Amino acid sequence: MKFVAFERAKQGTGASRRLRITGRTPGIVYGGATEPSLIEIDHNALWHALKKEAFHASVLQMELNGKTTEVLLRDVQYHPFKQLVLHIDFQRIDANTKMHKKVPLHFSGQEESPAFKLDHCLITHVATELEISCMPKELPEFIAVDLSKLTKGHSLHASDIVLPKGVTAVIHGKNNPVLVSVVAPKAEAEAPAAAPAADSKKKK
């Protein structure tokens, strides 16, 4: 995706407030060998761009002073209750350096899975995104996750999904986190607990 940015001459709370009144959003671009650049972006164009998933999870083409630079969206600050973007951060990327980025997970096939169709299990998406490491040119907009083979008692872990070529998962803490949990129906889960009570009555 491509967007247009403009140089921002002034910084500070007052300058940013005046900028927002004119329909612009203050921002910054950092990273790479150059100094951070103060920028401003048309708020309406930015607001609509932020509604697109690709703007959050893909390499963006930023046009500034007639020059195009590849960047990643790193942070967005929204107003607590107004439809207003207060500030936005981008990071320049190096085409020859691996990068880390959180990418959305797109689930499909849940309704066809044995866990759902035959055993009526409760299937919960524990995670909606996954942090990955890859070269910029290999960054996927999303990762497709097929749930059609889920079975009762077997949750889906990070190691179970097939990642695109050149992409690896970045795991923090737990070695193999659960992405999708599969839980047996409540009535079935309670059945073993009820069994001992029934046996004790027979003994009496």
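A salt bridge here is a side-chain nitrogen of Lys or Arg within 4 Å of a carboxyl oxygen of Asp or Glu. By that yardstick, this predicted model holds two salt bridges. In one of them Glu63 pairs with Lys2, with 3.4 Å between the closest N and O atoms. The partners come from distant parts of the chain, 61 residues apart, with Glu63 sitting in strand β4 and Lys2 in strand β1. Lys2 is exposed, at a relative accessible area of 54%, while Glu63 counts as partly exposed at 27%. The other bridge joins Glu40 to Arg24, and here the closest N and O atoms are 2.8 Å apart. Again the pair links distant parts of the chain: Glu40 belongs to strand β3 and Arg24 to strand β2, 16 residues apart. Glu40 is buried, with a relative accessible area of 13%, and Arg24 is partly exposed at 24%. As a general matter, side chains of opposite charge can pair when their charged atoms come close.

The strands that carry these charged residues turn up again in the barrel. Six strands close up in the order β1-β3-β2-β6-β5-β4, with mixed pairing. On average, neighbouring strands of this sheet are turned by 45 degrees against each other, ignoring direction. Strands β1 (residues 2-7) and β4 (residues 60-64) run parallel and are joined by four bridges. Glu63 shows up here too, as the bridge partner of Val4 in β4. Helix α1 (residues 13-21) lies across β2 (24-30), β3 (37-42) and β6 (85-92), and runs at about 125 degrees to β2.

A smaller set of strands makes an open sheet: three of them, in the order β8-β13-β11, paired antiparallel. Because β8 (122-125) and β11 (156-157) stand at the edges with a single partner strand each, one side of each is left without a neighbour in the sheet. Four bridges hold β8 against β13 (residues 178-183) in the antiparallel sense. One pairing to look at is that of His125, whose bridge partner in β13 is Val180.

His125 also leads to the loop between β7 and α4, where Gln110 lies. The side chains of Gln110 and His125 make a polar contact at 3.0 Å. Gln110 counts as buried, at 16% relative accessibility. Beyond residues up to four places away in sequence, Gln110 touches Phe116, Ile123, His125 and Leu147. Glu112 lies in that loop as well, between β7 (99-108) and α4 (114-117), but this residue is exposed, with a relative accessible area of 51%. Setting aside residues up to four places away in sequence, Glu112 touches Lys117 and Ser148. Its C-alpha is 8.1 Å from that of Leu147, although the two residues are 35 apart in sequence.

Then there is the nonpolar interior. In soluble globular proteins, nonpolar side chains tend to be buried together. The largest nonpolar core has 25 residues, and Ile132, Leu139, Ile143 and Leu150 touch the most other members. At least two residues of this core come from each of β7, β9 (129-134), β10 (143-146) and β13. A second, separate core has 19 residues, including Ala5, Ala49, Leu73 and Val85. As for Leu150, its contacts beyond four places in sequence are Ser113, Pro114, Ala115, Ile123, Leu156, Val180 and Val182. Val180 is thus a shared point in the description: a contact of Leu150 and the β13 bridge partner of His125.

Methods: Residues are numbered from 1 along each chain as its sequence is written. This is a predicted model: local features need pLDDT of at least 70, side-chain atom pairs count only at pLDDT 80 or more; totals for chains, interfaces and linings use all residues. Side-chain values use heavy atoms; hydrogens and water are left out. Two strands pair if DSSP finds at least two bridges between them. Buried means under 20% relative accessible area, exposed over 50%, partly exposed in between (1.4 Å probe, protein chains only). Contact means heavy atoms within 4.5 Å. Axes are lines fitted to C-alpha atoms, for helices over the stretch in contact, and angles run from 0 to 180 degrees between N-to-C directions. A nonpolar core is a set of buried Ala, Val, Leu, Ile, Met, Phe, Trp, Tyr and Cys residues joined through side-chain atoms within 4.5 Å. A polar contact is a pair of N or O atoms within 3.5 Å; within protein, one must be able to donate a hydrogen and the other to accept it, and residues adjacent in sequence count only if both atoms are side-chain atoms.
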